[in-house]
Amino acid sequence: MADPALAPVTRQVSGRTAAARDPSGLEYRQPLAAAVAELPVLDASGRRVPFGALFRERRAIVVFVRHFLCYTCKEYVEDLAKIPKSLLQEANVTLTVIGQSSYHHIEPFCKLTGYCHEIYVDPERKIYERLGMKRGEEMISSGHSPHIKSNILSGSISSLWRAVTGPLFDFQGDPVQQGGTVILGPGHYIHFIHRDRNRLDHKPINSVLQLVGVQHVDFTSRPPVIHV
């Protein structure tokens, strides 16, 4: 059964049915149902914002993370934080992270990761569900992520330590919920969606930036090589 949150959008081209395209060349893969666009996300103050408002006027990269104590999500968002705002502004693109914890955890997570772009939470995970984000982990090889520096043991210990030393023993979201990456807008259209199959299955950031016309970012900590 087709997901009611998503439906194909097509137009006739020379007698054939084809996906509609916007001026940038990306296909309108699927429109987003109005009921999903109206679902609220919360900002760091607890203010409710319609999901669709995040990409009503311009294209948006929206990254859904597992939970704010997940070490792989932390390290992935640390690299998202390295994307200069100027590059996004030049391409008229916004970058948004959505978690699934209480909004009280947004500010500490931003301080921890250095993230300074837009960020919200979907504590009831309604948008995760309607977009088909997975729960549970598929035991498949996701290859080596350029954004994850810790191994499973050290990363898990770090996550647990942050949980037990916090004000409350709180995983800051459902630990079995997976995230994903979506490109939406302008308007209620989905151009691209990647649903993470496990905690290591993040879409490489530069692959996503390329889709929206943003130049690649060097996420390594090595100093640049100067050719003389």
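## The β9–β10 hairpin

In this predicted model, β9 and β10 run antiparallel to each other and are joined by 5 bridges. One of the pairs puts T181 across from H194 in β10. The two strands make a hairpin with 4 residues between them, and G185, in the turn, has a positive phi of about 80 degrees.

β9 spans residues 180-184, and 5 of its 5 residues are buried. Neither face is left open: G180, V182 and L184 sit on one side, T181 and I183 on the other, and all are buried. In a regular strand, side chains take turns pointing to one face of the sheet and then the other. β9 also pairs with β6, again antiparallel, over 5 bridges. Within that pairing, A60 has L184 of β9 as its bridge partner.

## β7 and its neighbours

Now to the parallel part of the sheet. β6 and β7 run parallel and share 6 bridges, with I61 standing opposite L95 of β7. β7 also pairs with β8, in the parallel sense too, over 4 bridges. There, I98 is matched with Y120 in β8.

How many of the residues of β7 are buried? The count is 7 of 7. Both faces are covered, with V93, L95, V97 and G99 buried on one side and T94, T96 and I98 buried on the other.

## α4 and the crossover

β7, α4 and β8 together make a right-handed β-α-β unit. The buried residues of α4 are I106, F109, C110 and T113. Looking down the helix axis, these buried positions fall within an arc of 100 degrees, so they line one face of α4. That spacing is easy to follow, because an α-helix has 3.6 residues a turn and residues three or four places apart point the same way.

What covers the buried residues of α4? The cover includes β4 (40-42), α2 and β8. Just after α4 comes G114, with a positive phi of about 75 degrees.

## The cores

The largest nonpolar core holds 32 residues, and L80, I83 and Y115 have the most contacts inside it. Elements that each supply at least two residues of this core include β6 (59-64), α2 (71-80), α3 (85-90), β7 (93-99), α4 (106-113), β8 (118-121) and α7 (205-211). α2 gives the most, with 4 residues. Apart from this core lies another one, of 22 residues, among them A33, A60, Y120 and I190.

α2 itself is mostly covered, with 9 of its 10 residues buried. The buried set is Y71, T72, C73, K74, E75, Y76, V77, D79 and L80. Y115 touches V77 and L80, along with A81, L95, T96, V97 and C110, leaving aside residues up to four places away in sequence.

## Cysteines without partners

How many disulfides does a search of the whole structure find? It finds 0. For C73, the closest cysteine sulfur is that of C70, 3.4 Å away, which is too far for a bond because a disulfide needs the two sulfurs within 2.5 Å. C73 counts as buried, at 1% relative accessibility.

C116 is further out of reach of the cut-off: its closest cysteine sulfur, in C110, is 8.6 Å away, too far for a bond. C116 is partly exposed, with a relative accessible area of 42%.

## Two loop residues

H202 sits in the loop between β10 (189-195) and α7. Is H202 buried or exposed? At 11% relative accessibility it counts as buried. H202 touches T72, C73, Y76, I148, H194 and D196, again leaving aside residues up to four places away in sequence. H194 in that list is the β10 residue that stands opposite T181, and T72, C73 and Y76 are among the buried residues of α2.

N92 is found in the loop between α3 and β7. N92 counts as partly exposed, at 42% relative accessibility. Its contacts are R58 and R59, not counting residues up to four places away in sequence. N92 and R59 are 33 residues apart in sequence, with their C-alpha atoms 7.0 Å apart in space.

Methods: Residues are numbered from 1 along each chain as its sequence is written. This is a predicted model: local features need pLDDT of at least 70, side-chain atom pairs count only at pLDDT 80 or more; totals for chains, interfaces and linings use all residues. Side-chain values use heavy atoms; hydrogens and water are left out. A nonpolar core is a set of buried Ala, Val, Leu, Ile, Met, Phe, Trp, Tyr and Cys residues joined through side-chain atoms within 4.5 Å. Buried means under 20% relative accessible area, exposed over 50%, partly exposed in between (1.4 Å probe, protein chains only). Contact means heavy atoms within 4.5 Å. Two strands pair if DSSP finds at least two bridges between them. A crossover is right-handed if, with the strands pointing away from the viewer, the path from the first strand over the helix to the second runs clockwise. The arc is that of the directions from the helix axis to the C-beta atoms.
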